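This report describes the sheet and the salt bridges of one protein chain. Please keep the sequence and the 3D view at hand while reading.

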Amino acid sequence: MNGRGVASRARLAVLLGIAALPLPAAALPAPPALTARPAPNADPSFPFAREIEAFAQADASGPALRDATLFLGSSSIRLWDIARSFAGNTVVNRGFGGATTPDVLRHYKRLLPPVPPRAVIVYVGENDLAGGATPDAVARNLVMLLRQLRTDYPRARIACLSLKPSPIRWTLWPKLAAVNRAVADRVRAMRVDFIDVGGVLLAPDGLPDASLFRADGLHMNPEGYRRWTRLVAGWLAQGKLS
């Protein structure tokens, strides 16, 4: 049977809804040539490329903000509506979801606004512990970040917010508390204030108050942020270098 006959039999089998008869080996189509898959992107900064680029675009979209308060860190910063919470203040949000302290250190220069801020609020480190980092390593990296900020902004007021308790990460609380103690002890000499923002999130029984968190049990809802805002607004109102 010639090639045209083989092709006709195959089409007829399909039209009749029956399995096509096996084709002679010579009539089988050649397998497609294998093409090399692109190598996976091994750049550890890739997951945050869009967020970091958005910060750069925000800086380029208008005149540089002067006398601003810089909020820097992970999703607890990113999800904070700081423009509304601190109305009347010039604010810059440099929080990106899922960030660890090494991530902030890696992107450090690209997170800073064009003009030195008058104050800096830092919250990061919680994701480090959730990812398996030890309290010592987290405290060491966090102090490194705060020391770099103090070096770059010698006249700014700088505050580090304590790592918060949350329902879904309550089993990590002993480690979170260990980081808080270590950082609070070390930054005092650096003229960095340490603000306890965890106590306002606890219920009378000493457990995280679930009514202050979103359904994910991790991120705060508006009432939780209102409590944080009161604390930070009080600190900002002091208006002098630590």
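The sections below cover the sheet, the helix that packs on it, and the salt bridges of this predicted model.

## The sheet

The sheet is open and has five strands, arranged in the order β2-β1-β3-β4-β5. Their pairing is parallel. Strands of a sheet pair through backbone hydrogen bonds, either parallel or antiparallel. The edge positions are taken by β2 (91-95) and β5 (193-195). Each of these has a single partner strand, so one side of each has no neighbour in the sheet. On average, neighbouring strands are turned by 20° against each other, direction ignored.

Strand β1 covers residues 69-73 and pairs with β2 over five bridges, in the parallel sense. Within this pair of strands, Gly 73 stands opposite Gly 95 in β2.

## A helix on the sheet

Helix α10, residues 222-238, packs on the sheet. The strands it touches are β1, β3 (119-123), β4 (157-161) and β5. The direction of α10 makes about 160° with that of β4.

## Salt bridges within helix α10

The count of salt bridges in the model comes to nine. Two of them involve Glu 223, whose partners are Arg 226 and Arg 227. For Arg 226 and Glu 223, the closest N and O atoms are 2.9 Å apart. For Glu 223 and Arg 227, the corresponding distance is 3.4 Å.

Both pairs lie in helix α10: Arg 226 is three residues from Glu 223, about one turn of the helix, and Arg 227 is four residues from Glu 223, again about one helical turn. Are these side chains buried or exposed? Arg 226 counts as partly exposed because its relative accessibility is 45%. Glu 223 is also partly exposed, at 26%, and Arg 227 is partly exposed, with a relative accessible area of 24%.

## A salt-bridge network around Glu 126

Salt bridges that share partners join Glu 126, Lys 164 and Arg 169 into one network. Within this network, the side chains of Arg 169 and Glu 126 meet at 3.2 Å, N to O.

Which parts of the chain does the pair of Arg 169 and Glu 126 link? Arg 169 sits in the loop between β4 and α9 (173-187), while Glu 126 belongs to helix α7, residues 126-130. The two residues are 43 residues apart, and the pair links distant parts of the chain. Both Arg 169 and Glu 126 are buried.

Notes
Residues are numbered from 1 along each chain as its sequence is written. This is a predicted model: local features need pLDDT of at least 70, side-chain atom pairs count only at pLDDT 80 or more; totals for chains, interfaces and linings use all residues. Side-chain values use heavy atoms; hydrogens and water are left out. Two strands pair if DSSP finds at least two bridges between them. Axes are lines fitted to C-alpha atoms, for helices over the stretch in contact, and angles run from 0 to 180 degrees between N-to-C directions. Contact means heavy atoms within 4.5 Å. A salt bridge is a side-chain nitrogen of Lys or Arg within 4 Å of a carboxyl oxygen of Asp or Glu. Buried means under 20% relative accessible area, exposed over 50%, partly exposed in between (1.4 Å probe, protein chains only).
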